[in-house]
Amino acid sequence: SERTPHPDPDGKLLHDKQERFVVMTAVVPHTQKPDRVVRGFIEIAPNPDQMTKWNDEAGPSSVRIIAPPGWTARPDDLSLPPTGKDPLLSARRVEFEMHREDSTAPKEPVATAEIFLQTCSGAEGLCQFLRRDVRIPLQ
């Protein structure tokens, strides 16, 4: 599939410092090649304490996986499609694989998930396009 344009090429989006979304990550090593391949999982859910919901009318929310040196992510450009009985409030999940391509890669590699969120929150329903960067240790 064709790569989508980067949603924040100049790094100017507001960062989600109020944690409008709850982000959980997990990595699972490959059973045959645990030092070379890991599967990553990210779950993103609106934070009920912030009265947050997804704003799909403004366009898709997405995740970009930035691999550490010597690693590659497949896929590295992921969409967060609506799911669940209430798509504006339900958690959304993505999966990816990380492959170590270089034996000189760092011993404790850390990937970064750049998460781009179309959101509305608060009693007044303020809608914004936000960014949240999350570190993902690969071990």
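How many bridges pair β6 and β8, and in which sense do the two strands run? Keep that in mind as you load the model, which is a predicted one. The pairing is antiparallel and spans 4 bridges.

**Stop 1: β8 and its partners**

Select β8, residues 92-100. To see one rung of the pairing with β6, pick tryptophan 71 and look across to arginine 100, its bridge partner in β8. Now add β3, residues 37-46. β3 also runs antiparallel to β8, and 8 bridges join the two. For one of these, show isoleucine 44 together with arginine 92, its bridge partner in β8.

While you're on β8, click on histidine 99, which sits in this strand. Is histidine 99 buried or exposed? Its relative accessible area is 15%, and since buried means under 20%, histidine 99 counts as buried. Turn on side chains and you'll find a polar contact of 2.9 Å between histidine 99 and glutamate 97. Looking beyond residues up to four places away in sequence, histidine 99 touches Arg36, Val37, Gly70, Trp71, Thr72 and Arg74.

Next, hop to arginine 93, also in β8. This one is exposed, at 55% relative accessibility. Which side chain does the side chain of arginine 93 meet in a polar contact? Show glutamate 43: the contact between the two side chains is 2.6 Å. With residues up to four places away in sequence left out, arginine 93 touches Ile42 and Glu43. If you'd like to try the distance tool, go from the C-alpha of arginine 93 to that of phenylalanine 129: these residues are 36 apart along the chain, and the atoms are separated by 19 Å.

**Stop 2: the end of β3 and the loop after it**

Head back to β3 and select proline 46, which lies in that strand. Proline 46 is buried, with a relative accessible area of 9%. Now add phenylalanine 21. It is 25 residues from proline 46 in sequence, yet the two C-alpha atoms are 4.4 Å apart. Setting aside residues up to four places away in sequence, proline 46 touches Arg20, Phe21, Thr52, Lys53, Trp54, Leu88, Leu89 and Ser90.

Step along to asparagine 47, in the loop between β3 and β4 (53-54). Asparagine 47 is buried too, with a relative accessible area of 12%. Apart from neighbours within four places in sequence, its contacts are Glu19, Arg20, Phe21, Val22 and Thr52.

**Stop 3: three backbone oddities**

A bit of background first: most residues other than glycine have a negative phi, and most peptide bonds are trans.

Pick glutamate 19, one of the contacts of asparagine 47. Glutamate 19 is in the loop between β1 (14-15) and β2 (21-29). Its phi is near 50°, a positive value in a residue that isn't glycine. Glutamate 19 is partly exposed, at 46% relative accessibility.

Then go to methionine 51, in the loop between β3 and β4. Methionine 51 has a positive phi as well, about 50°, although it is not a glycine. With a relative accessible area of 47%, methionine 51 is partly exposed.

Which way does the peptide bond from arginine 74 to proline 75 go, cis or trans? Zoom in on the pair: the bond is cis, with omega near -15°. Proline 75 belongs to the loop between β6 (71-74) and β7 (77-80).

**Stop 4: strand β5**

Select residues 61-66, which make up β5. Why is β5 described as largely enclosed by the rest of the structure? Because 5 of its 6 residues are buried.

Now bring in its partners. β5 pairs with β7 in the antiparallel sense over 4 bridges, and you can spot one by showing arginine 64 with aspartate 77, its bridge partner in β7. β9, residues 110-121, is also antiparallel to β5, with 5 bridges joining them. Here, show isoleucine 66 and threonine 112, its bridge partner in β9.

**Last stop: a pocket**

Finish at the second largest pocket. Select Asp35, Trp71, Arg100, Lys107 and Gln139, which lie nearest its centre among the 13 lining residues. You've already met Trp71 and Arg100 as bridge partners. The space in this pocket is about 170 Å³. What classes of residue make up its lining? There are 8 nonpolar, 2 polar and 3 charged residues.

Methods
Residues are numbered from 1 along each chain as its sequence is written. This is a predicted model: local features need pLDDT of at least 70, side-chain atom pairs count only at pLDDT 80 or more; totals for chains, interfaces and linings use all residues. Side-chain values use heavy atoms; hydrogens and water are left out. Buried means under 20% relative accessible area, exposed over 50%, partly exposed in between (1.4 Å probe, protein chains only). Contact means heavy atoms within 4.5 Å. Two strands pair if DSSP finds at least two bridges between them. On a 1 Å grid over the protein atoms alone, a cavity is a set of points where a 1.4 Å probe fits but cannot get out, and a pocket is an open set with protein on both sides within 12 Å along at least five of seven lines; lining residues have an atom within 4 Å of a point. Grid points are joined across faces, edges and corners, and a volume is the space filled by probe spheres set on the points. Ala, Val, Leu, Ile, Met, Phe, Trp, Tyr, Cys and Pro count as nonpolar, Asp, Glu, Lys and Arg as charged, and the others, Gly among them, as polar. A polar contact is a pair of N or O atoms within 3.5 Å; within protein, one must be able to donate a hydrogen and the other to accept it, and residues adjacent in sequence count only if both atoms are side-chain atoms.
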